[in-house]
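Please open the model in your viewer and keep a selection tool at hand. The stops below go from the interior outwards to the strands.

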Amino acid sequence: QIEHQCQLLIMALDLAFPTPIWTEKCTEDFSKLNYFTKFITENNNMVALNKSGKTILSRCLDTWKLFEIKEILNKKFQKFCTDILKAPKEMEVAMTTSWLTSTKQGGSIGVHRHMNNWYAGLLYFDSDYAGASALQLHNPLMSCTSFAPDVQPLFNVNQGIQIPPTHNLLVFFPAYLYHATSVQESTDTRHSLAFNFIPKRCGMTIDDFGTSDSQYDIEWLSS
């Protein structure tokens, strides 16, 4: 029995290289986003509004009418970084792009990922998502093997994650993840708010070996 216990002590299962994906049911009021969905046309499923109210691409939360929502999402992602990712409190993040999406019955969003960003986010602000297409997150290890063995889903690299949208659901996931949506079966149009984040600075934390020799601070880029 003692020998058996010793053998157990030298065995361990380490779930290496995790992919943190965060979902949260928000209680804040995001209903003002519904007003801006009418600016989305069939040929353009992204819309942004500058301060004059004209339509432009990719930064809808920078309009003064939606800046309060941007502040809420920034704080939630900052809290995710410090509480879940255990980032130092000195590390600040910045939202880069933000846009609204619209998917009608029979439509879908193809497989893609968000380059030039660290984390991506989605907010489902519609009041009802009954029958709406799910968010599909692809396993990043899929390209590392040619096999699909019958193992538990936790260890199956061909197994992705599906997240059904619900009212006020917030999702954060690494921007390197390929993702898509299935075909929208519902007759209702499916809306969401998408956005991206980058860290304002990296490699600045002082440890036993001093600071990293590979650093950046976005303030340097404007000098």
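**The nonpolar cores**

Begin with the largest nonpolar core, which has 25 residues, and select Leu33, Leu193 and Phe195, since these are the ones that touch the most other members. A nonpolar core is here a set of buried Ala, Val, Leu, Ile, Met, Phe, Trp, Tyr and Cys residues joined through side-chain atoms within 4.5 Å, where buried means under 20% relative accessible area, exposed over 50% and partly exposed in between, with a 1.4 Å probe and protein chains only. The elements that give two or more residues to this core are α2 (33-36), α3 (67-83), β4, β5, β8 and β10 (190-199), and α3 gives the most, with five residues. Helices (H or I, at least four residues) and strands (E, at least two) are DSSP runs, numbered from the N terminus.

This is a predicted model, in which local features need pLDDT of at least 70 and side-chain atom pairs count only at pLDDT 80 or more, while totals for chains, interfaces and linings use all residues. Residues are numbered from 1 along each chain as its sequence is written, and side-chain values use heavy atoms, with hydrogens and water left out.

Now centre on leucine 193, which, leaving aside its neighbours within four places in sequence, is in contact (heavy atoms within 4.5 Å) with residues including Leu33, Leu73, Trp99, Leu122 and Phe125. Apart from this core lies another, of 14 residues, among them Ala120, Tyr124, Ala132 and Phe173.

**Strand β8 and its partners**

Select residues 169-174, strand β8, where six of six residues are buried. Leu169, Val171 and Phe173 point one way, whereas Leu170, Phe172 and Pro174 point the other way. In a regular strand the side chains alternate between the two faces of the sheet.

Add β1 (residues 22-25), which pairs with β8 in the antiparallel sense over four bridges; two strands pair if DSSP finds at least two bridges between them. Here glutamate 24 stands opposite leucine 170. Then add β5 (residues 119-124), also antiparallel to β8, over six bridges, with tyrosine 119 opposite proline 174.

**A three-strand sheet**

Next, show the open antiparallel sheet in the order β7-β6-β9, whose edge strands are β7 (161-163) and β9 (179-181), each pairing on one side only. Strand β6 (residues 135-137) and β9 pair over three bridges, and glutamine 136 has alanine 180 as its bridge partner in β9.

**Threonine 103**

Finish at threonine 103 in strand β4 (residues 93-103). Is this residue buried or exposed? Threonine 103 counts as buried because its relative accessible area is 4%.
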